[in-house]
Structures are given as structure tokens and as C-alpha cells.
Amino acid sequence: MPTISLAIQKGGSGKTTTAVNLAAALQQMGHRVLLIDLDPQANLTQAMGILEEVEPSIYHEFQKVANGKPSDLSAIILQQNGLELIPASLELAGAELELVSTYGREQLLSRMLKPLKKEYEYILIDCPPAIGMLTVNSLVASDFVLMPLQAEFLPLKGVMSFLRHFEKVRTTLNKKLKVLGFVLTRYDNRKTMNRSVLEQLIGAYGDKVFQTRIRTNIALAQAQEKGVDIFSFAPSSNGAQDYMELARELLEKISGN
Ligand SMILES: Nc1ncnc2c1ncn2[C@@H]1O[C@H](COP(=O)(O)OP(=O)(O)OP(=O)(O)O)[C@@H](O)[C@H]1O
Ligand SMILES: [Mg+2]
């Protein structure tokens, strides 16, 4: 079943917000979804209402496989507000360095995830804002990459550099990896800059740009702070509508791929 990386090296582009609310939208549509926090900042884990350091986290599973021990990701899944999450912890920052000398280090997550893939209809992985070992592991374990972009910045340079890395991973490590698309977040149609970013993105990447745009909506930030998804926090907000629409468009795009 499809595994989707939410990735782009630019910080604050809406990866974590999209991970939690897209997962919640898919779950509301009746799908079984697993969320994986692969960012040492552990923002997704916090956004799911888990504020204290968790142990064991995905870091400990990385350590096990790196040392040739059996890993069982299903043992560390947390049930949180009806969603299922594999949590991150700050120690995960160490994994980037610790794995450097590990044989097959790019494939560790892919190996760990294999037994879980048939249990879930969708697996969403929230990546850190960097193209390091963790993001590469996520891309190798995925079928698709979804790139959230903040409409406030001209993102093209960053996008091009990310796509070069994507292409390297695709050709050398995971031939089935595909770009699902770009989603503009914190979008405000009244702002010239936002409309111009949208136009440039469509000019460069055409129908890879999702028609659904996530509007600026303070309720999304408030929900994240409260540790709940937008559907439990403000079900009739623009944020809830936009993420439901995004989930519909995403399913369409996946079935056409
Ligand atoms: N549509 C939106 N409207 C208002 N605020 C938003 C929206 N999307 C995200 N935010 C807020 O913007 C901030 C950054 O979003 P988020 O954490 O999802 O980005 P990120 O790409 O995961 O960041 P990082 O790269 O650091 O992991 C958060 O405080 C979030 O609540
Ligand atoms: Mg994040």
C-alpha cells in the first residue's frame, strides 16, 4: 500500500501540518493510516499531543537494525486520538552520524517498514527539513513524495535542488519512487506574491501542482499547538475543508499513477 514521504529541505513549509491533517482526513474517509515521525525535532509527535520524550522511539529501532538485531516497528506504535504514530525523539539527530558507517544505511527504514506495509492503506512519513540520511531513508522506503511549499517564498531554487537529490535516490536506490506533487500551504489568494508563486510553480511543474491549496488558517497552528488534528479542533474551519479536499485530490492522483 502507498507510502508517502512529506519532504522538502526548506523549514516551515507545512510538512508536519500536512502529515497530521492529511492522515486525519484519510482516516475520516475510512482508511487505515500510519504516521511516522522521522524528524529529530519531533514536531509531529508533539502535534499528536505527546510532549514528553518518548522511549522507545524510531531512533532505537534504527539502532537495532544498524547493529544487526531484529527490529519490530509495530511494537512502538502509539495510538493517539484515533491515529497511529511511530514517534521520534531528539536522539534521532544522532542517527545521521551514527549510521554513516552502517552497511546498507539508506535501506534501513525500508527494511523495517516491510512487515507493516500490508497492514496500512497509507503510510505518511514526516521528514526533517534537510536532505540527510533520514530523508534519504524515507525516500527509499516510499512510493511517492509530496512536497508542501509555503506560498510566501519563491521556492523554485530549493525545489530544483531537492528534485536533483530525489532523482539520485530514484535512479540509484528506489526506481519506483514518484513525485506525487507540490501543495501550496499558507496560501492567500489576495496576496500578489502568493499568486505569483503559484503561477511560477505551475509554469515549471504543470499538473504536478495540486489544485487544492491550503489557505492560511490560524486554527491549523492552534490545533498543532494543542496536540490535536484540525478535524477534532475546528471541523468547519477552512483548514479542515482544505485538508479534506487535499485528501480527495491525493487519492485521485494516486489512482492515476
Ligand atoms: N495553512 C496554515 N495556516 C497557518 N499556519 C500554518 C499553516 N500551515 C502551517 N502553519 C504553521 O506554520 C508553522 C510551520 O508549519 P510546519 O511545522 O507544518 O512546517 P514544517 O515544514 O513541518 O517545518 P520543519 O521544516 O521545521 O519541520 C507551524 O507553526 C504551523 O502551525
Ligand atoms: Mg516539520
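Begin with the whole protein chain of this predicted model. Residues 24 or more positions apart supply 80% of the chain's contacts that have a separation of 6 or more. The C-alpha trace extends over about 55 × 40 × 30 Å along its principal axes. The radius of gyration is 17 Å, which agrees with the value near 18 Å for a compact globule, because the chain has 257 residues. Colour the chain by burial next: 46% of the 257 residues are buried. Then switch to a cartoon, in which 11 helices and seven strands make up the secondary structure.

**The sheet**

Select the seven strands together. They form an open sheet in the order S3-S4-S2-S5-S1-S6-S7, and the pairing is mixed. At the edges are strand S3 (78–80) and strand S7 (178–185), each of which pairs on one side only. From one strand to the next, the twist averages 25°. Strands of a sheet pair through backbone hydrogen bonds, in either the parallel or the antiparallel sense.

**Strand S5 and its neighbours**

Next, select strand S5, residues 122–126. How many of the five residues of S5 are buried? Five of the five are, so S5 is largely enclosed by the rest of the structure. Show the side chains of this strand: Tyr122, Leu124 and Asp126 point one way, whereas Ile123 and Ile125 point the other way.

Add strand S1, residues 3–6, which pairs with S5 in the parallel sense over four bridges. Two positions are worth labelling here. Isoleucine 4 is opposite leucine 124 of S5, and serine 5 is opposite isoleucine 125 of S5.

Now add strand S2, residues 33–37, whose pairing with S5 is also parallel and runs over five bridges. Which residue of S5 does aspartate 37 stand opposite? The partner is aspartate 126, one of the buried residues of S5.

**Leucine 85**

Move along the sheet to strand S4, residues 83–86, and centre the view on leucine 85. Is leucine 85 buried or exposed? Leucine 85 is buried, because 27 other C-beta atoms lie within 10 Å, where 20 or more suffice for that class. Leaving aside residues up to four places away in sequence, leucine 85 touches Leu35, Asp37, Thr45, Met48, Ile77, Leu78 and Gln80. Draw a distance from leucine 85 to methionine 48: the C-alpha atoms are 8.3 Å apart, although 37 residues separate the two in sequence.

**Ligand 1**

Finally, select ligand 1 and display its shell. There are 20 residues around ligand 1, and Lys15, Thr16, Thr17, Pro129 and Ala221 come nearest. Highlight helix H1 (15–28) and helix H9 (218–226), each of which contributes at least two residues to the shell. Which element gives the largest share of the shell? Helix H9 does, with four residues. To finish, colour the shell by residue class: 12 residues are polar, five are nonpolar and three are charged.

Terms used: Residues numbered from 1 in each chain as written. Chains lettered and ligands numbered in written order. Predicted model: local features only at pLDDT ≥ 70, side-chain atom pairs only at ≥ 80, totals over all residues. Rg over C-alpha atoms; globule rule 2.2 N^0.38 Å. Buried ≥ 20, exposed ≤ 12 C-beta atoms within 10 Å, placed from the backbone. Contact = placed C-beta atoms within 7 Å. Near = placed C-beta within 6 Å. Nonpolar A, V, L, I, M, F, W, Y, C, P; charged D, E, K, R; others polar. Pairing = 2+ DSSP bridges. Axes fitted to C-alpha atoms, helices over the stretch in contact; angles between N-to-C directions.
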